Amino acid sequence: MEELIKLLHTGGYSCTIANGGKIRTFTQRGVADLYDLLTQEPEFLKGALIADKVVGKGAAALMILGGIEELYTDIISTKALELFRKSDVKVDFAQEVDFIWNRDRTGGCPVETMCSEVGSAEEVLPLIRDFQDKIRSRK
């Protein structure tokens, strides 16, 4: 985990993941990388160690559904932490915040806001799927 955290901070990545002796780095914004892994390569998430810069409830749900083993994050939202507490994922973090800001800091992160009242990780997935589909159809 120490190596992942160092790589996260020195490499300018949004997320680093280790599993099965392999370390992979990610740079997409938001939950895109986690969503793609969960839907396209779920075996890489199963039992993985993750170091991430910011984890909101949407990212937490994707990690839980993916079956990760352990997470370190610089910043985690209270709602994400509540979701992790219902799981077996070991979580360590530098700072807990009430919510995750959107990119221009004018309000809450759209994914965090969208799934804030949803109770389980399973209920979050279709919301994120719709959100990702809308974003990708604009490109």
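**Exercise 1. Is Ser 116 buried or exposed?**

Work from the predicted model. Locate Ser 116, classify it and list its contacts.

*Solution.*
- Step 1: Ser 116 sits in the loop between α6 (110–114) and α7.
- Step 2: Its relative accessible area is 19%. Buried means under 20%, so Ser 116 is buried.
- Step 3: Set aside neighbours within four places in sequence; Ser 116 then contacts Lys 57 and Lys 79.

**Exercise 2. Describe how α4 packs against α5.**

*Solution.*
- Step 1: Take the axes. Those of α4 and α5 come within 8 Å and cross at roughly 20 degrees.
- Step 2: Angles under 35 degrees count as roughly parallel, so α4 is roughly parallel to α5.
- Step 3: Assign the hand. The crossing of α4 and α5 is right-handed.
- Step 4: List the residues. α4 supplies Lys 57, Ala 60, Ala 61, Met 63 and Ile 64. α5 supplies Lys 79, Ala 80, Leu 83 and Phe 84.
- Step 5: Sort them by class. The contact of α4 with α5 has seven nonpolar, no polar and two charged residues.

**Exercise 3. Repeat the analysis for α2 and α7.**

*Solution.*
- Step 1: Helix α2 covers residues 32–40, and helix α7 covers residues 121–138. Their axes come within 11 Å and cross at roughly 115 degrees.
- Step 2: The range 65 to 115 counts as roughly perpendicular, and α2 and α7 are therefore roughly perpendicular to each other.
- Step 3: The crossing of α2 and α7 is left-handed.
- Step 4: On the α2 side, the contact uses Ala 32, Tyr 35, Asp 36 and Leu 38. On the α7 side are Leu 125, Ile 128, Arg 129, Gln 132 and Arg 136.
- Step 5: By class, the residues of the contact of α2 with α7 are five nonpolar, one polar and three charged.

**Exercise 4. Map the nonpolar cores and place Met 63.**

*Solution.*
- Step 1: Recall the general trend. In soluble globular proteins, nonpolar side chains tend to be buried together.
- Step 2: Find the largest nonpolar core. It has 37 residues. Ile 17, Ile 50, Val 55 and Met 63 have the most contacts inside it.
- Step 3: Trace the elements giving two or more residues to this core. The strands are β1 (15–19), β3 (49–55) and β4 (70–77). The helices are α2, α3 (42–45), α4 (57–66), α5 (78–85) and α7.
- Step 4: Look at Met 63. Beyond its neighbours within four places in sequence, Met 63 contacts Leu 34, Ile 50, Asp 52, Val 55, Ile 68, Leu 71 and Phe 84.
- Step 5: Check for another core. One of six residues lies apart from the largest core, and includes Leu 4, Ile 5, Ala 18 and Ala 51.

Technical notes
Residues are numbered from 1 along each chain as its sequence is written. This is a predicted model: local features need pLDDT of at least 70, side-chain atom pairs count only at pLDDT 80 or more; totals for chains, interfaces and linings use all residues. Side-chain values use heavy atoms; hydrogens and water are left out. Axes are lines fitted to C-alpha atoms, for helices over the stretch in contact, and angles run from 0 to 180 degrees between N-to-C directions. Helices (H or I, at least four residues) and strands (E, at least two) are DSSP runs, numbered from the N terminus. Angles under 35 degrees count as roughly parallel, over 145 as roughly antiparallel, 65 to 115 as roughly perpendicular and the rest as oblique. A crossing is left-handed if the near helix is turned anticlockwise from the far one by less than a right angle, and right-handed if clockwise. Contact means heavy atoms within 4.5 Å. Ala, Val, Leu, Ile, Met, Phe, Trp, Tyr, Cys and Pro count as nonpolar, Asp, Glu, Lys and Arg as charged, and the others, Gly among them, as polar. A nonpolar core is a set of buried Ala, Val, Leu, Ile, Met, Phe, Trp, Tyr and Cys residues joined through side-chain atoms within 4.5 Å. Buried means under 20% relative accessible area, exposed over 50%, partly exposed in between (1.4 Å probe, protein chains only).
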